[in-house]
Structures are given as structure tokens and as C-alpha cells.
Amino acid sequence: MRKPLKRTLALVLTVVMLIGVAAPLALADGQSTAHFNYYTVLGDSNASGYGLDAYFDNAGSTEAVKEGDLIDGSYPAILAEAFGVDKTNVNVRSHSGWRTNEFLYTLLGDNCGVSHDEFFRKALDFVSPDTLVGESERLHEAIEKADIISIDFGSNDIYSYSIGEVSGYFFQLVDKLPNPSELSSNPDEYFNKLMNLADSLGILPEAIEAFEKCLDKNTAEFEANIIKVIDAVRSIKPDAKIVL
């Protein structure tokens with residue numbers, strides 16, 4: 001791949017990754033942290049410490065994540081310590097591959113106001129259907145009980161889902177794609193394979209344009225959905241502190 005194109009892709013991916021970086025922790029009313037006793041974690045694999053050795057040691061593989069575990073060194077673990085919340089009072093309700101759509105549909109059902117197509121239902125092939133049985137009730141209980149809640153969504157809404165969509169675009173053009181199941185094991189590697197293939201076929205500019213369009217569309221959807229997520233959480237527990 002030519003260097004200018006590599007730099008372009010690097011810039012695009014850098015911007016995407018920055019979107020998913022958690023905002024600096026702040027309490028709007030300046031309250032102390034002493035009153036926080038129960039902490040609920042909502043989000044995707046990043047909320048479970050994706051990328052840490054401890055995460056992979058716990059999971060065994062990215063397809064076998066033990067849902068609900070608090071991973072040492074993860075953002076929720078650091079947050080719990082900062083707020084003085086005992087680890088036994090941290091309820092991790094994050095799921096690998098989740099987008100805001102998956103969360104809203106699980107929490108609110110058909111009243112969530114978001115689409116739930118076949119790709120959504122698979123939740124990027126990370127979460128088994130058995131894992132989500134009864135999850136709506138567990139989410140409600142965890143939110144109702146919490147006095148502090150962290151919300152971490154975005155990387156799958158924007159980045160991983162865009163890769164899946166641009167993969168579908170390629171399927172209309174060629175029959176040499178890597179197995180789509182590789183998306184669930186390493187999105188970055190899968191993305192690189194797609195772009196290298198596009199370069200070899202002489203359609204890299206079209207591939208980049210298609211990916212950028214997906215990013216724009218999914219970013220707009222995420223920006224609308226994250227507001228719905230916060231509103232839904234607020235409707236269940238109005239007085240909880242929310243950290244994004």
C-alpha cells in the first residue's frame with residue numbers, strides 16, 4: 001500500500017479511536033465521592049478491560065469473554081477505587097461487541113426506537129443468545145440499585161460496525177474476502193485485510209470512500225443513540241451520578 005494512503009488510513013483510525021476515549025471524570029456539582037456505595041458498569045468490551053492481559057487471561061479468547069467480571073486494571077476497576085466503592089459492590093453489565101442499539105433494545109425491547117436488523121441481533125457475533133436471557137431485568141435492577149453508573153459505548157457503533165458494513169460493500173464486488181467471522185476475533189486485522197485486498201484490486205480509493213461514508217452514518221446514529229441511552233438510564237435512576 002502506498003505511503004500516502006497508509007497515512008490517510010492511520011489518520012482515519014486515529015480519529016475513530018479518539019472518539020471512543022472516555023471523557024475526563026468530573027462531577028458537575030462538586031460533590032465528594034464518599035457517598036457512593038454501589039457502582040453499575042454499562043458498556044462494551046472496553047468497559048470490561050479489553051486490551052489488557054488480565055482481560056484475555058480471564059476470557060481465554062475474545063469469543064469466550066466471561067460476562068460480568070470486574071477485570072483488574074480496567075477503567076471500572078480504577079473508577080471503583082477512585083470512588084471508594086468496594087469491588088463486591090461493582091456490577092459489570094457490559095457485553096463484548098455491544099453497541100448502543102443492543103443496549104437499548106435489551107433494556108427497552110420494541111419500545112427502544114432503534115433498528116434491530118440481522119446484523120444487530122448477532123451483536124457482532126460476540127454475545128451468545130443465552131447470555132442475554134433475562135438481561136433486561138438484570139439491567140433494570142443494576143441501574144435502580146446504583147448511585148454511580150459509568151457508560152462506555154461507541155467503538156462498536158462507529159468502528160466495528162463500519163467495518164462490517166464496508167465488508168458487505170466488498171462482497172458485491174469480489175469473492176476473495178477473508179472469512180467474516182474473523183471480524184469478531186480482531187477487527188483491526190480484518191480491516192487491514194480488506195484494505196490490502198482493495199489495494200491489490202485497484203479499488204482502494206473506492207474502499208476508503210465507502211468506509212468514510214459508513215463512519216459518518218454510524219457516528220451520527222451513535223450521537224443520537226447515546227442521548228437515548230442516558231435518558232433511559234436517567235428514567236430508571238434519576239439521582240445516580242453518570243460518568244461517560
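**A walk through strand 3 and its surroundings**

Let me start with one pair of side chains, those of Asn-225 and Thr-100, which make a polar contact with each other at 3.2 Å. Please keep in mind throughout that what we are looking at is a predicted model. Asn-225 belongs to helix 9, which covers residues 204–236, and because its relative accessibility is 3%, under the 20% cut-off, Asn-225 counts as buried.

Thr-100 leads us on to helix 4, which is made up of residues 100–108 and packs against helix 6, residues 135–145, with the two axes 7 Å apart and at an angle of about 90 degrees. That angle falls between 65 and 115 degrees, and so we call helix 4 and helix 6 roughly perpendicular to each other. If you would like to find this contact for yourselves, look on helix 4 for Phe-103, Thr-106 and Leu-107, and on helix 6 for Glu-135, Ser-136, Leu-139, His-140 and Ile-143. Sorted by character, the residues that form this contact between helix 4 and helix 6 come out as 4 nonpolar, 3 polar and 1 charged.

Now let me turn to the strands, beginning with strand 3, which runs over residues 148–152 and is mostly covered, with 5 of its 5 residues buried. Which way do the residues of strand 3 point? Ile-148, Ser-150 and Asp-152 point one way, while Ile-149 and Ile-151 point the other way, and all of them are buried. As a general rule, side chains in a regular strand alternate between the two faces of the sheet.

Strand 3 also has partners, and one of them is strand 1, residues 39–43, with which strand 3 pairs in the parallel sense over 5 bridges. Within that pairing, Gly-43 has Asp-152 of strand 3 as its bridge partner. Strand 4, residues 241–243, likewise runs parallel to strand 3, and the two are joined by 3 bridges. Here the residue to look for is Ser-150, whose bridge partner in strand 4 is Val-243.

I will finish with a residue in a loop, namely Ser-74, which lies between helix 2, residues 53–59, and helix 3, residues 75–82. Is Ser-74 buried or exposed? Its relative accessibility is 1%, and therefore Ser-74 counts as buried. If we set aside the neighbours within four places in sequence, the residues in contact with Ser-74 are Ser-48, Gly-49 and Leu-52.

How values were computed: Residues are numbered from 1 along each chain as its sequence is written. This is a predicted model: local features need pLDDT of at least 70, side-chain atom pairs count only at pLDDT 80 or more; totals for chains, interfaces and linings use all residues. Side-chain values use heavy atoms; hydrogens and water are left out. Axes are lines fitted to C-alpha atoms, for helices over the stretch in contact, and angles run from 0 to 180 degrees between N-to-C directions. Helices (H or I, at least four residues) and strands (E, at least two) are DSSP runs, numbered from the N terminus. Angles under 35 degrees count as roughly parallel, over 145 as roughly antiparallel, 65 to 115 as roughly perpendicular and the rest as oblique. Contact means heavy atoms within 4.5 Å. Ala, Val, Leu, Ile, Met, Phe, Trp, Tyr, Cys and Pro count as nonpolar, Asp, Glu, Lys and Arg as charged, and the others, Gly among them, as polar. Buried means under 20% relative accessible area, exposed over 50%, partly exposed in between (1.4 Å probe, protein chains only). A polar contact is a pair of N or O atoms within 3.5 Å; within protein, one must be able to donate a hydrogen and the other to accept it, and residues adjacent in sequence count only if both atoms are side-chain atoms. Two strands pair if DSSP finds at least two bridges between them.
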